[in-house]
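Welcome, and thanks for taking a look at this one with us. Let's go through some of the labels used for it and ask what stands behind each.

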There are 2 protein chains.
Amino acid sequence: MSILDNLLADSLRPRRNNHLASRGGVQPLRNSHDHVVAALGSAIVSGTFAQGAHLPGEDALLARFTVSRTVLREALKTLAAKGLIVSRTRVGTRVLPRQHWNLFDTDVLSWHVVEGVESSLRAELTDFRFAIEPAAAALAARHATAGQIAQMRELVAAMAAAQDSRLAFAQADLALHQLIGQASGNRLMAGTGAVIETALFASFTLSSPVDDRADHAASVRGHAAIVEAIAARDGVAAAEAVRGVIRHGQERIDAVEQRQGEIKKHER
Amino acid sequence: MSILDNLLADSLRPRRNNHLASRGGVQPLRNSHDHVVAALGSAIVSGTFAQGAHLPGEDALLARFTVSRTVLREALKTLAAKGLIVSRTRVGTRVLPRQHWNLFDTDVLSWHVVEGVESSLRAELTDFRFAIEPAAAALAARHATAGQIAQMRELVAAMAAAQDSRLAFAQADLALHQLIGQASGNRLMAGTGAVIETALFASFTLSSPVDDRADHAASVRGHAAIVEAIAARDGVAAAEAVRGVIRHGQERIDAVEQRQGEIKKHER
DNA sequence: ATAGTCATATTATATGATTATATGATATTT
DNA sequence: AAATATCATATAATCATATAATATGACTAT
C-alpha cells in the first residue's frame with residue numbers, strides 16, 4: 001500500500017466498528033497492531049518520546065491502548081525491526097538514536113511527513129534523488145529490457161493524459177521512476193523506491209504540474225526525454241535528463257514555498 | 001551490533017545452554033526470537049521459500065522451531081516489518097516479491113551474504129556507493145563540524161596504525177565512511193550505513209589492504225585525501241577522492257576474484 | 001575496595017482459549 | 001445462465017494469564 005493510495009483510501013474507506021476505546025477516532029484504524037505501531041511510531045519520530053528516552057512500561061502502554069499484551073508486544077517488535085526502539089529485560093524499552101532508524105522504510109519515512117514534509121527533509125530527499133536517480137537511469141540505459149522500455153512509454157503517455165488529475169499524474173510519475181530503478185538492475189537503487197515515493201508525495205501535496213498547462217507539458221517532455229535516452233541506450237543523456245526533471249520539480253516546489261512565505265509575512 | 005562485531009563475537013562467545021531441540025547447533029543463539037527471525041530470514045533470502053510462496057502454517061512452524069506461539073508470531077512480525085512477508089487471516093503467510101524487501105536493513109542485507117557475497121551483489125554495492133558516497137563527501141565538505149573533522153583525522157590515524165589487524169583496519173575504515181555520511185547532514189545518505197558496512201565486510205573477508213604494505217599505504221593516503229579535502233571545504237576534491245578510494249577497493253577485489261577464478265580453472 | 005549474593009522490576013516466553021476474516025462451496029435470486 | 005447472497009471452514013488475530021529469564025541496585029562478605 002503506497003502513500004498515494006493511502007491518501008485516497010483513508011478518506012474513502014468507511015470507519016470500522018471501533019472496538020478500541022473510542023479516543024477521538026481521528027485516525028482510520030486498520031487493525032489493533034497497525035494502530036499501535038502507527039501511534040507509537042509517529043510519537044517517536046515526532047519527538048514525543050525523545051531519543052534515548054524510555055517508553056512507558058508494558059503495563060502503562062497496555063492501559064493506554066486497550067489492547068492485549070500480544071498485540072502490544074508484536075507492535076514493539078515491529079518498531080524494533082525498523083530500528084526505532086530496543087527492548088531489554090529489566091531495563092525497559094528505549095528509543096534508539098536517529099541514526100538507527102531505517103529511513104528507507106516506507107512507514108518510518110511517512111511518519112516523518114504526516115503533517116506535510118518539513119522543508120529541510122524535502123531538501124535532503126532532493127539531494128538524495130540527485131545522487132541516485134541519474135546513476136540508476138544510466139544503468140537502465142544499459143540493462144532495460146524492451147518490455148520495460150515499452151512500459152516506460154506507456155507511463156509517459158499516462159502522464160500526458162492526466163491533464164486534470166493530480167493523483168493520476170503522480171501515480172504514473174512514481175511508477176515511471178520506480179520502473180527506472182527496477183530497470184537499472186541494481187537492487188539497491190531499486191530499493192530506494194520509498195524515498196522517491198515520499199519525495200513525490202511531498203511535491204504532490206504542495207503543487208502539481210497538472211495545475212499549470214505549461215508546467216504539465218514541460219514535465220511530460222522531461223520524462224519523455226529520460227525514456228528516449230534509455231531507449232537509445234545513451235546513459236549520459238539519460239542521467240542528464242533525470243537531473244533536469246528533478247531540478248524542474250524542485251524549482252516548482254521552491255516557487256510555492258516562496259509564495260507561502262510571502263503570504264505568511266503578510267498575515268503577520 | 002555490526003556485522004564486523006558479529007564476526008568476532010560469534011566465534012568467541014560461548015554457546016549458551018541450548019534449551020531448544022538441539023538441531024545441529026550450528027548458529028550461535030541469542031534468544032529464541034532472534035533465532036527464529038534469522039532462520040526464516042535466511043531461508044527466505046536464500047530462496048528456500050520462494051517469492052510468493054506460502055510459509056508453513058503457524059502449527060507447522062511451531063513444531064519446527066519448538067518455541068511458543070508468542071515467539072513465533074513476534075518473529076513473523078519482525079520479518080513483516082522488514083518487508084519479507086505478509087500475513088493475512090485465512091490466507092496464510094506469504095513471501096513478498098524481492099522488491100518489497102528492505103535491503104537497507106542490516107539484517108536483510110547480511111542474510112544475503114552469509115556465505116560470502118555473490119559477486120553480482122558486490123558489483124551492485126559498489127555502483128551504489130559510487131553514486132552516494134561522493135555526493136555525501138561533497139556535502140560533508142560544506143557541513144562537517146570542526147569536531148567531526150578532528151574525529152575523521154583520528155580514524156585515518158587508526159587506519160594507519162592498524163598495520164597488522166584486518167579487523168582494526170576495517171573497523172576504522174567503516175567508522176570513517178559512516179562519519180562522512182553523518183557529516184553530510186543528509187539523513188538519507190547517513191542512513192546508507194548498512195550498505196557501506198556490508199560492502200566493506202565483503203571486501204574485508206576477501207582481502208585487506210593490510211595484507212600488502214604498499215596497498216595499506218595507498219589506502220591510508222586515499223582516505224587522508226578525503227578528509228583533507230573536507231577540511232579544506234573543497235567538495236569537488238572530496239567527491240573525487242572518495243571515488244578514488246572506492247575504485248581502489250574494487251580493483252583489489254577484482255584482482256582477488258581473478259586469482260580465485262584461475263585457481264578454480266586449475267582445479268578442474 | 002572488590003567481589004559476590006540476593007531481591008526486585010521488567011521484559012521474554014509459554015499456553016489455551018476466543019474472535020475476526022478471507023476463501024471456496026452452496027444456495028438463492030435475477 | 002449469471003450474478004449475488006449465504007454459510008461453513010480454515011487461518012491468522014487477539015485476548016488473558018501464568019511462568020521464566022535477566023539486568024539493576026542494594027546489600028554482604030571478604
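**Labels and the values behind them**

Q: Why is the pair formed by Ser87(B) and DNA strand D called a polar contact?
A: In this predicted model, a backbone N or O atom of Ser87(B) is 3.5 Å from a phosphate oxygen of DNA strand D. A polar contact is a pair of N or O atoms within 3.5 Å (within protein, one must be able to donate a hydrogen and the other to accept it, and residues adjacent in sequence count only if both atoms are side-chain atoms). The 3.5 Å of Ser87(B) therefore meets the rule.

Q: How do you know which residues and atoms were used?
A: Residues are numbered from 1 along each chain as its sequence is written, while chains are lettered from A and ligands numbered from 1 in the order in which they are written. Because this is a predicted model, local features need pLDDT of at least 70 and side-chain atom pairs count only at pLDDT 80 or more, while totals for chains, interfaces and linings use all residues; side-chain values use heavy atoms, with hydrogens and water left out.

Q: What else of the protein makes polar contacts with DNA strand D?
A: An N or O atom in the side chain of Thr70(A) is 3.4 Å from a base nitrogen of DNA strand D, and a polar backbone atom of Thr89(A) is 3.4 Å from a sugar or linking oxygen of the strand.

Q: What makes a residue count as near DNA strand D?
A: One of its heavy atoms must lie within 4 Å of the strand. DNA strand D has 18 residues around it, and Ser68(A), Arg90(A), Arg73(B), Thr89(B) and Arg90(B) are the closest. Among the strand's atoms within 4 Å of the protein, 64% are sugar or phosphate and the rest belong to bases.

Q: Which residues come nearest to DNA strand C?
A: They are Arg90(A), Ser68(B), Arg69(B), Thr70(B) and Arg90(B), out of 21 residues around the strand. The side chain of Arg90(A) has an N or O atom 2.9 Å from a base oxygen of DNA strand C, and that of Thr70(B) has one 2.8 Å from a base nitrogen.

Q: Why is the pair Arg73(A) and Glu74(B) called a salt bridge?
A: A salt bridge is a side-chain nitrogen of Lys or Arg within 4 Å of a carboxyl oxygen of Asp or Glu. The side chains of Arg73(A) and Glu74(B) meet at 3.0 Å, N to O, so the pair qualifies. Across the interface of chain A and chain B, the rule finds 4 salt bridges.

Q: How many residues does each chain bring to the contact?
A: Chain A gives 34 residues and chain B gives 34 residues, where contact means heavy atoms within 4.5 Å.

Q: What makes up the area buried between chain A and chain B?
A: Buried area is the accessible area (1.4 Å probe) that two parts lose on being put together, summed over both. Here it is about 3000 Å², with 58% from carbon and sulfur atoms. Phe104(A), Arg187(A) and Leu188(A) supply 26% of the area that chain A buries against chain B, more than any other three residues.

Q: Why is Glu118(B) called partly exposed?
A: Its relative accessible area is 37%. Buried means under 20%, exposed over 50%, and partly exposed in between (1.4 Å probe, protein chains only), so Glu118(B) takes the middle label.
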